[in-house]
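Here is a short set of exercises to work through with the model open in front of you. Try each task yourself before you read the solution.

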Amino acid sequence: MLFNTIEEYDNDLNDIESRLHSMEERMKQYPERKGIAINYNSFKQLHDIILKDREDYLKMIGDNTSFHVNNEAKHDFSLQLMSEIFGGVNDLTFSLADILKSAKDLKSDHIPSVRKVSSGSLHLTFSMGDEKTDLREVQLNYDIFNTLFDVFECGEEDIPKLNDKLGDKFISSYQNFLNIMIKNRLNITLENSMRNVTMTHEDALKVYNILSR
């Protein structure tokens with residue numbers, strides 16, 4: 001991350017674009033001065049780097065992460081079950097947020113929030129929201145769900161290492177979430193524009209047993 005807000009990116013890009021325009025005019029006036037062209041190319045490269053970084057963060061802001069929950073036992077979701085699912089997801093994301101904020105020494109009140117709940121199989125959509133401009137929070141939100149993808153995709157040989165990597169608090173939340181999946185026969189797909197991973201209740205049981213050893 002080069003700047004903390006989109007506004008800071010835009011201010012710097014505007015300044016560089018003004019300098020580039022000035023140098024273009026000078027190159028027309030003094031084509032024999034090679035140093036102007038060298039400086040121009042350096043500033044153009046810097047401009048392109050900053051612009052790409054800005055575009056990457058705009059993609060993060062616009063990207064949604066979804067939990068698709070399929071209830072194999074029956075098609076409807078009771079209020080009690082929905083409460084357990086919401087609570088489980090909430091505990092997972094809260095504990096990851098605490099871990100990542102501590103690792104980055106980031107003071108932020110940001111926590112992931114559900115922007116939409118769809119019918120059918122329970123579908124929870126997490127989004128930053130268009131009003132977000134603090135890119136440290138955008139990065140934190142991205143890292144939370146990227147870490148969650150890594151956890152869901154974790155192979156059997158790496159599952160025992162999760163405790164050392166993420167700590168007891170997260171493992172406790174994860175085991176609780178796995179238990180919700182197991183006892184209610186829930187299959188969950190976690191997806192965004194870049195990644196997609198599905199965990200069945202049978203997978204959840206295997207992971208739970210490994211973590212309980």
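**Exercise 1. Find how many salt bridges a search of the whole structure gives, then look at the pair Arg19 and Asp15.**

Step 1. Get the rule straight: a salt bridge is a side-chain nitrogen of Lys or Arg within 4 Å of a carboxyl oxygen of Asp or Glu. Searching the whole structure with that rule turns up ten salt bridges.

Step 2. Know what you're looking at. This is a predicted model, in which local features need pLDDT of at least 70 and side-chain atom pairs count only at pLDDT 80 or more, while totals for chains, interfaces and linings use all residues. Residues are numbered from 1 along each chain as its sequence is written, and side-chain values use heavy atoms, with hydrogens and water left out.

Step 3. Zoom in on Arg19 and Asp15: their side chains form a salt bridge at 3.3 Å, N to O. Both sit in helix H1 (residues 6-29), four residues apart, or about one turn of the helix. (Helices are DSSP runs of H or I with at least four residues, strands are runs of E with at least two, and both are numbered from the N terminus.)

Step 4. Check the surroundings. Buried means under 20% relative accessible area, exposed over 50%, and partly exposed in between, using a 1.4 Å probe and protein chains only. Arg19 has 42%, so it is partly exposed, and Asp15, with 38%, is partly exposed too.

**Exercise 2. Work out how Lys28 and Glu25 are placed in helix H1, and whether each is exposed or partly exposed.**

Step 1. The side chains of Lys28 and Glu25 meet in a salt bridge of 3.9 Å, N to O.

Step 2. Lys28 and Glu25 are about one helical turn apart because three residues separate them along H1.

Step 3. Lys28 reaches 65% relative accessibility, so it counts as exposed. Glu25 has 36%, so it is partly exposed.

**Exercise 3. Which residue forms a salt bridge with Asp158, and which residues join into a network?**

Step 1. The partner of Asp158 is Lys161, with the closest N and O atoms 3.2 Å apart. Asp158 itself is partly exposed, because its relative accessibility is 29%.

Step 2. Now look for shared partners: Asp150, Glu153 and Arg195 are linked into one network by their salt bridges.

**Exercise 4. Describe how strands E4 and E5 are paired, and sort the residues of E5 by face.**

Step 1. Two strands pair if DSSP finds at least two bridges between them. E4 (residues 186-191) and E5 pair in the antiparallel sense, over four bridges.

Step 2. Pick one bridge: Thr189 has Thr198 as its partner in E5. A hairpin of four residues connects E4 to E5.

Step 3. In a regular strand, side chains alternate between the two faces of the sheet. For E5 (residues 196-199), Val197 and Met199 are on the covered face, while Asn196 and Thr198 are on the uncovered one.

**Exercise 5. Count the helices and strands, and write down their order.**

Step 1. The protein chain has six helices and five strands.

Step 2. Starting at the N terminus, the order reads α-α-β-α-β-β-α-α-β-β-α.

Step 3. To finish, take the burial: of the 213 residues in the protein chain, 43% are buried.
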